[in-house]
Amino acid sequence: MLSEKSTATVRATLPAVGAAIGDITELFYEKLFEAHPELLRDLFNRGNQAAGLQKQALAGSIAAFATHLLAHPDTRPDVMLHRIAHKHASLGVTREQYPVVRTHLFAAIAEVLGEAVTPEVAEAWDEVYWLMANALAALEDRLYAGARVAAGDVWREWTVSGRAEETADCASFRLTPADGAPAPEFKPGQYVSVQVALADGARQIRQYSLTNAPGSPQLAITVKRVHGPAAQGPDGEVSNHLHAHVHPGDRLRVSVPYGDLVLQDSGAPLLLASAGIGCTPMLSMLDHLAHTGHTAPVTVVHADRSPADHALRTEHRALAGKLADCEALFWYEEAPEAGDRAGRVDLSDVPLAPGTRAYLCGPLPFMRATREQLLAKGVAAADIHYEVFGPDLWLATA
Ligand SMILES: Cc1cc2nc3c(=O)[nH]c(=O)nc-3n(C[C@H](O)[C@H](O)[C@H](O)COP(=O)(O)OP(=O)(O)OC[C@H]3O[C@@H](n4cnc5c(N)ncnc54)[C@H](O)[C@@H]3O)c2cc1C
Ligand code: HEM
């Protein structure tokens with residue numbers, strides 16, 4: 001809990017810090033990477049840095065945390081903290097790195113806000129920082145302990161035991177532990193981080209959702225190649241590297257699985273709604289439900305440009321068909337086939353059982369539109385869960 005003295009100071013300075021937080025985080029990353037270029041090369045996602053997404057995520061999370069402390073001093077924004085901690089754990093972030101971030105963040109605050117940062121103001125925000133950092137580090141320690149690894153020691157060598165081309169832009173990779181150890185446990189909906197050595201020597205990391213059910217000796221991921229529309233940015237680095245260079249027999253550096261969007265196996269009716277490559281966590285959930293003999297109603301919703309663009313379309317439908325009570329509805333903007341629906345997802349005539357729990361994954365506009373429709377149909381806000389395939393910019397504002 002924030003001390004009384006700091007509460008008053010944070011309350012008085014939050015508007016100024018909030019207004020400048022974008023400038024502060026921009027300068028923070030400049031300072032951090034100037035002092036530690038290896039962090040930009042080998043830990044942070046440099047695509048997100050270039051596009052400004054991580055800056056927004058960090059700024060949004062600090063502002064949301066401080067706002068929460070003032071409004072609800074006795075609780076913590078757990079959903080947000082868990083989401084960040086799972087991402088940090090999948091990257092192997094350790095407690096020892098928090099003072100490094102603090103040094104450069106506070107140097108940036110002092111430079112942007114100038115004389116407004118009196119010793120009293122610095123002390124109050126230092127308290128906010130450590131409340132957040134210690135909460136995250138404690139959650140991360142628990143995640144490492146839960147996976148039975150030392151703090152930060154999440155990386156293992158895997159052998160690519162299979163590869164399949166799913167669509168023009170998607171390929172699936174099957175992974176087997178290179179040391180012959182059993183595959184780690186995970187929950188349906190979780191992801192791994194994958195680190196690859198790029199041509200310029202950088203070792204960039206990206207996350208990929210697991211598509212198979214827990215319990216298999218292998219892990220499976222499906223990777224969509226990102227084309228950078230010429231005007232908006234270059235081709236995606238890691239996805240194109242995996243497509244171009246990774247084949248059966250190759251080694252891959254892969255993290256222990258983490259992720260807070262996991263299927264709660266409570267026997268409730270379910271809606272699994274995805275768009276594009278957002279189908280990947282849904283495949284794992286469906287595979288798991290099929291293995292465990294789930295009997296409550298399940299509605300599968302998927303949106304894609306066309307059937308030919310829908311990665312794992314055959315498996316998606318086949319897994320839905322294995323469940324006792326499941327309807328699979330696929331919407332395509334182009335070339336829908338018999339039994340498919342045309343255009344964008346419209347749930348108005350889709351019946352949902354009372355108490356339905358919904359899981360969403362896809363681009364933010366798809367998830368916003370689907371969430372609106374679900375709320376209008378009476379699904380409780382607390383029963384709508386989602387995954388963003390990038391820094392979660394929705395959480396702080398949702
Ligand atoms: C939890 C989670 C699960 C995920 N699961 C999957 C999955 O199952 N399958 C899957 O395919 N993906 C998944 N992703 C997405 C994946 O992690 C990568 O983000 C994706 O593969 C793109 O990575 P990349 O290195 O190819 O692209 P990047 O190089 O990171 O580029 C991403 C975007 O940034 C733009 N960009 C890069 N540099 C610049 C610049 N200088 N200026 C402007 N724009 C720039 C690029 O043009 C591109 O549009 C997941 C992500 C998360 C967070
Ligand atoms: C209190 C301190 C910190 C806060 C508030 C914070 C906040 C965040 C947030 C909001 C995200 C995005 C999560 C998402 O994907 O939705 C993130 C990701 C990340 N954080 Fe932290 N973080 C902190 C400390 C650290 C430290 C100490 C490190 C290690 C040096 C670190 C490294 C990373 C990396 C590498 C990512 C992924 C970046 C990307 O994919 O672009 N963070 N953090």
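## A pair of strands to start with

Let's begin in the middle of things: Val298 has Cys326 in β9 as its bridge partner. Keep in mind as you look around that this is a predicted model. Val298 belongs to strand β8, which covers residues 298-304, and its neighbour β9 takes in residues 326-332. The two strands pair in the parallel sense, with 7 bridges between them. Another pair to look for is Thr299, which stands opposite Glu327 in β9.

How does the chain get from β8 to β9? Helix α10, residues 313-322, joins these two strands in a right-handed β-α-β unit.

## Strand β8 from both sides

Now turn to the other neighbour of β8. Strand β7 (residues 270-275) pairs with β8 in the parallel sense too, over 6 bridges. If you want a spot to check, find Ala273, which stands opposite Val301 in β8. Here as well there is a right-handed β-α-β unit, made of β7, helix α9 (residues 279-292) and β8.

Is β8 mostly covered or mostly open? It is mostly covered, with 7 of its 7 residues buried. Both of its faces are hidden. On one side you'll find Val298, Val300, His302 and Asp304, and on the other Thr299, Val301 and Ala303, all of them buried.

His302, which sits in β8, is a good residue to zoom in on. Why does His302 count as buried? The cut-off is a relative accessible area under 20%, and His302 has 0%, so it counts as buried. For a sense of distance, pick Thr118 as well: it is 184 residues from His302 along the chain, and the C-alpha atoms of the two are 53 Å apart.

## The whole sheet

Which strands make up the sheet, and in what order? It is an open sheet of 6 strands with parallel pairing, and the order is β10-β9-β8-β7-β11-β12. At the edges are β10 (341-342) and β12 (384-387), each of which pairs on one side only.

At the β12 end, strand β11 (residues 357-361) runs parallel to β12, and 4 bridges join them. One place to see this is Tyr359, whose bridge partner in β12 is His385. Helix α11, residues 364-376, goes with β11 and β12 to make one more right-handed β-α-β unit.

## Ligand 2 and its iron

Next stop is ligand 2, which holds an iron atom. Which protein residue donates to that iron? His88 does, through its NE2 atom at 2.1 Å, and it is the only protein donor. His88 is found in helix α5, residues 78-91. A polar side-chain atom of His88 also lies 2.9 Å from a nitrogen atom of ligand 2.

There are 22 residues around ligand 2, and the nearest are Asn48, Gln54, Lys87, His88 and Asp392. Two of these reach oxygen atoms of the ligand with their side chains. For Lys87, an N or O atom of the side chain is 2.3 Å from an oxygen atom of ligand 2. For Asn48, the matching distance is 2.9 Å.

What kinds of residues form this shell? By class, 14 are nonpolar, 6 are polar and 2 are charged. Helices α4 (53-71), α5, α6 (98-113) and α7 (119-146) each supply at least two residues of the shell.

## Ligand 1

Ligand 1 has 27 residues around it, and Gln207, Lys224, Pro234, Val238 and Ser239 come nearest. Some of the contacts use the side chain and others the backbone. With Arg206, a polar side-chain atom lies 2.7 Å from an oxygen atom of ligand 1. With Gln207, a backbone N or O atom lies 2.6 Å from an oxygen atom of the ligand. With Ser209, a backbone N or O atom is 3.2 Å from a nitrogen atom of ligand 1.

## One last residue: Trp155

To finish, find Trp155 in strand β1, which covers residues 155-165. Is Trp155 buried or exposed? Its relative accessible area is 14%, so Trp155 is buried, given the cut-off of under 20%. Val192 is 37 residues from Trp155 along the chain, and their C-alpha atoms are separated by 9.9 Å.

Conventions. Residues are numbered from 1 along each chain as its sequence is written. Chains are lettered from A and ligands numbered from 1 in the order in which they are written. This is a predicted model: local features need pLDDT of at least 70, side-chain atom pairs count only at pLDDT 80 or more; totals for chains, interfaces and linings use all residues. Side-chain values use heavy atoms; hydrogens and water are left out. Donors are N, O and S atoms within 2.8 Å of the metal (3.2 Å for Na, K and Ca); water is not among the atoms, so sites may look incomplete. A residue is near a molecule or strand if one of its heavy atoms lies within 4 Å of it. A polar contact is a pair of N or O atoms within 3.5 Å; within protein, one must be able to donate a hydrogen and the other to accept it, and residues adjacent in sequence count only if both atoms are side-chain atoms. Ala, Val, Leu, Ile, Met, Phe, Trp, Tyr, Cys and Pro count as nonpolar, Asp, Glu, Lys and Arg as charged, and the others, Gly among them, as polar. Buried means under 20% relative accessible area, exposed over 50%, partly exposed in between (1.4 Å probe, protein chains only). Two strands pair if DSSP finds at least two bridges between them. A crossover is right-handed if, with the strands pointing away from the viewer, the path from the first strand over the helix to the second runs clockwise.
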